[in-house]
Amino acid sequence: MRQALDEARRAREAGEVPVGAVLVADGVVVGRGFNQPIGRLDPTAHAEIVALRAAAATLANYRLVGVTAYVTLEPCLMCVGALLNARVAAVVYGAPEPKWGAVRSLVRLDELAFTHRFEVISGVLEHECRALLVDFFRSRRSV
């Protein structure tokens, strides 16, 4: 999660909402990403999507079986869909996202009838993940 926080800081430095993601297979980072929809002019360039694309390229496979995703913020519905389609094994996230979170907040993933499921671990380094977002939005409002 600390590496995902580093990615989130890269997003902040780029003027993006500070969310970062790191994908790990067998203890090795295979993909990383940070929010980039503004810079890439791409509404799908969320941290998770960027990291999934990098991991797929690294592993030369669109199926990321056995991969764990570490994300600083609870993934949105788009990102959950991509994580499910990639067949990741687990998603570990820091802060909950009450407005857009599609794992436990807005949508409860465990209540939906998907053919694939992934393990969910929440609240990892939650304070640090949340503080990065709160500070970012506070600074944006004061400008």
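"Buried" here means under 20% relative accessible area. Keep that cut-off in mind as we walk through this predicted model, because helix 3 is a good place to apply it: Ala-47, Glu-48, Ile-49, Val-50, Ala-51, Leu-52 and Ala-55 all fall under the 20% mark. Helix 3 runs over 47–59, and its 13 residues reach 18 Å from first C-alpha to last, close to the 18 Å expected at 1.5 Å a residue. So what sits over those buried residues? The cover includes strand 1, strand 2, helix 2, strand 3 and helix 4. Just past the end of helix 3, Ala-60 takes a positive phi of about 55 degrees.

Now for the sheet. Five strands make an open sheet in the order 2-1-3-4-5, with mixed pairing. Strand 2 and strand 5 are at the edges with a single partner strand each, so one side of each has no neighbour in the sheet. On average, neighbouring strands are turned by 15 degrees against each other, direction ignored.

Strand 1 (20–25) is worth a closer look. Strand 2 pairs with strand 1 through 6 bridges, antiparallel, and the two form a hairpin with 2 residues between them, where Asp-26 in the turn has a positive phi of about 50 degrees. Strand 3 is joined to strand 1 by 4 bridges, also running antiparallel. Leu-23 shows both pairings: its bridge partner in strand 2 is Gly-31, and in strand 3 it is Ala-69. Val-24, for its part, is bridged to Thr-68 in strand 3.

Helices pack on this sheet too. Helix 1 touches strand 1, strand 2 and strand 3, its direction making about 145 degrees with that of strand 1. Helix 5 touches strand 3 and strand 4, at about 60 degrees to the direction of strand 4.

Are the residues of strand 1 buried or exposed? In strand 1, 6 of 6 residues are buried. In a regular strand, side chains alternate between the two faces of the sheet. Here Gly-20, Val-22 and Val-24 point one way, while Ala-21, Leu-23 and Ala-25 point the other.

That brings us to the largest nonpolar core, which has 39 residues. Leu-23 is among those with the most contacts inside it, along with Leu-52, Leu-64, Val-80, Leu-83, Val-88 and Phe-118. Elements supplying at least two residues each include helix 1, strand 1, helix 3 and helix 5. Take Leu-83: setting aside neighbours within four places in sequence, Leu-83 contacts Leu-52, Ala-69, Pro-75, Val-88, Val-91 and Phe-118.

Methods
Residues are numbered from 1 along each chain as its sequence is written. This is a predicted model: local features need pLDDT of at least 70, side-chain atom pairs count only at pLDDT 80 or more; totals for chains, interfaces and linings use all residues. Side-chain values use heavy atoms; hydrogens and water are left out. A nonpolar core is a set of buried Ala, Val, Leu, Ile, Met, Phe, Trp, Tyr and Cys residues joined through side-chain atoms within 4.5 Å. Buried means under 20% relative accessible area, exposed over 50%, partly exposed in between (1.4 Å probe, protein chains only). Contact means heavy atoms within 4.5 Å. The expected span of a helix is 1.5 Å times one less than its number of residues. Two strands pair if DSSP finds at least two bridges between them. Axes are lines fitted to C-alpha atoms, for helices over the stretch in contact, and angles run from 0 to 180 degrees between N-to-C directions.
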